Amino acid sequence: MKTSIRDGTIVITPLNWLHTNDVQRLFAKSDAAVHTNFTPSDLSDIDPKDPPYYIGIFVGSTLIGVATLGYDNEADDNDGTTGLLSDVYVTFAARGKGYGTILVETILEIIAPEQGYQQVNISVLDPALLEWYSRMGFKPTSEWTATYTCTNI
């Protein structure tokens, strides 16, 4: 997996045990724990060869968002080429500035294909979010779900 994408001061990188303190600070200062299914302790045993991958977006040295990419074990006839994007979260202070879009697009265009995913699925808690995901190429499959077909394979 690519270790970082740099665009000015923005860095997108897989999270590992070195970033546990950053994630703890993010959780302490925000509502991230309400919106994501993992906690900082989940980062303590990450094996970079074993999905799911926890991916962070940093501005300078500050973690402002996270996402999870892993194998979609609920996909019909999944042969290992269907991923699941989940736990996409950007702190309140960083919202509305395009960071979430940069994070998701980097995952879809670079990280997912590097992991061999030909398709990436999402499931949302708020159906209104499907409009945001559709701007990045996701096609709704139900009121709560959508799928993206990777083109950079």
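**Strand pairing and an aromatic cluster**

Five bridges connect strand E6 with strand E8 (residues 145-149), and the two strands run antiparallel. The structure is a predicted model. Strand E6 (residues 119-123) also pairs with strand E5 (residues 82-90), here in the parallel sense. A search of the whole structure for aromatic pairs finds three.

**Strands around E6**

- Between E6 and E8, Ser123 has Thr145 in E8 as its bridge partner.
- The pairing of E5 with E6 extends over three bridges.
- Within this parallel pairing, Leu84 has Asn121 in E6 as its bridge partner.
- From E5 the chain passes through helix H3 (residues 99-114) before it reaches E6, which makes a β-α-β crossover that is right-handed.
- As a general point, side chains in a regular strand alternate between the two faces of the sheet.

**Aromatic rings**

- The whole structure contains three aromatic pairs.
- The ring centres of Trp132 and Tyr133 lie 4.8 Å apart with their planes at 70°, and the pair is therefore edge-to-face. An angle over 60 degrees between the planes is what places a pair in this class.
- Tyr133 also pairs with Phe138, again edge-to-face, at 5.3 Å centre to centre and with 80° between the planes.
- Ring pairs join Trp132, Tyr133, Phe138 and Tyr148 into a cluster.

**Burial of the paired residues**

- Trp132 and Tyr133 are both buried.
- Phe138 is buried, as is its partner Tyr133.

Terms used
Residues numbered from 1 in each chain as written. Heavy atoms only, no water. Phe/Tyr/Trp six-rings, centres within 6.5 Å; stacked < 30°, edge-to-face > 60°. Buried < 20%, exposed > 50% of the residue type's maximum accessible area, 1.4 Å probe, protein only. Pairing = 2+ DSSP bridges. Helix = DSSP H or I, 4+ residues; strand = E, 2+ residues; numbered from the N terminus. Right-handed = clockwise from strand over helix to strand, strands pointing away.
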